[in-house]
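I opened the notebook to record what I looked up in this structure. The entries follow the order in which I checked things.

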Amino acid sequence: HTIIRRKVLISMLFIGLTFMGYISYTKLPVELFPNVELPILIVHVQSPTDVDPKYMERQAIVPLESAISTLEGVAEITANADSKQGMIFISFQQGVNIKYAYLKLEQKVGAIKSSLTPEFLVNIIKIDTEEFSNGFMDLQVLGSGGVDRVRNLTDQYVTDKLNDVDGVGGVG
């Protein structure tokens with residue numbers, strides 16, 4: 001009953017909230033390609049010959065893990081090893097500059113690499129999200145009459161229409 005009796009108040013609240021929502025929506029930043037970096041680095045240890053996984057763990061994984069654990073911003077370290085290779089996954093806290101963390105990790109691994117058994121090859125892997133964001137959509141065109149005919153028809157009819165779509169960066 002109170003809402004029904006106060007029609008002007010409710011109308012003003014509704015108009016005010018709608019106006020605030022519109023202003024917030026127009027000020028909301030939108031990026032075509034947002035900067036997304038996975039806060040994960042991987043240290044890959046490889047052996048050219050088969051070794052006991054416990055030997056791999058004791059001689060390579062544990063020393064590397066202890067050096068890595070001194071890095072700033074590390075959220076979690078997980079490792080696994082088999083007879084040919086070992087992997088150490090380092091997850092960083094949100095907000096950590098992954099490029100800086102990569103350089104620091106290279107320093108730590110470089111310092112301990114010389115004390116490892118020479119049979120182990122150590123590499124640092126950074127997952128590059130740029131390669132994931134290069135293509136958003138793949139389109140497959142099928143037809144009869146040969147590859148050249150289908151390609152020409154696609155270039156003639158489909159490519160221009162896709163280029164005309166608002167927000168399409170490029171068709172290749």
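**Core.** I looked up the largest nonpolar core first and found 24 residues in it. The model is a predicted one, and I read every entry here with that in mind. The residues with the most contacts inside this core are Val43, Val45, Leu64, Ile68, Ile90, Phe92 and Leu105. I then checked which elements supply at least two residues each: strands E1 (40–46), E3 (85–92) and E4 (121–126), and helices H3 (53–68) and H4 (98–113). H3 gives the largest share, six residues. I noted the background too: nonpolar side chains tend to be buried together in soluble globular proteins.

**Leu105.** I picked one core residue and asked which residues Leu105 touches beyond four places in sequence. I listed Leu41, Val43, Ile68, Leu71, Ile90 and Ile124.

**His44.** I found His44 in strand E1. Is His44 buried or exposed? Its relative accessible area is 11%, under the 20% cut-off, so I wrote His44 down as buried. The His44 side chain makes a polar contact of 2.6 Å with the side chain of Gln85. Leaving out residues up to four places away in sequence, I also listed what His44 touches: Gln85, Gly86, Met87, Leu121, Val122, Asn123 and Ile125.

**Whole protein.** I counted six helices and four strands. Read from the N terminus, their order is α-α-β-α-β-β-α-β-α-α. The protein has 172 residues, and 19% of them count as buried. I looked up the exposed surface as well: about 13100 Å², with 57% supplied by carbon and sulfur atoms. Among contacts with a separation of 6 or more, 63% are between residues 24 or more positions apart.

**Helix H2.** I checked H2, which covers residues 7–27 and has 21 residues. From first C-alpha to last it reaches 30 Å, close to the 30 Å expected at 1.5 Å a residue. How many of the residues in H2 are buried? I found zero among the 21, and noted H2 as hardly covered.

**Gln93.** My last entry concerns Gln93, in the loop between E3 and H4. Its relative accessible area is 45%, between the 20% and 50% cut-offs, so I put Gln93 down as partly exposed. Beyond its neighbours within four places in sequence, Gln93 is in contact with Gly73, Val74 and Ala75. I also looked up Glu76, 17 residues from Gln93 along the chain; the two C-alpha atoms are separated by 8.5 Å.

Definitions and conventions:
Residues are numbered from 1 along each chain as its sequence is written. This is a predicted model: local features need pLDDT of at least 70, side-chain atom pairs count only at pLDDT 80 or more; totals for chains, interfaces and linings use all residues. Side-chain values use heavy atoms; hydrogens and water are left out. A nonpolar core is a set of buried Ala, Val, Leu, Ile, Met, Phe, Trp, Tyr and Cys residues joined through side-chain atoms within 4.5 Å. Buried means under 20% relative accessible area, exposed over 50%, partly exposed in between (1.4 Å probe, protein chains only). Contact means heavy atoms within 4.5 Å. A polar contact is a pair of N or O atoms within 3.5 Å; within protein, one must be able to donate a hydrogen and the other to accept it, and residues adjacent in sequence count only if both atoms are side-chain atoms. Accessible areas come from the Shrake-Rupley method with a 1.4 Å probe; for residues, only the protein chains shown count as cover. The expected span of a helix is 1.5 Å times one less than its number of residues.
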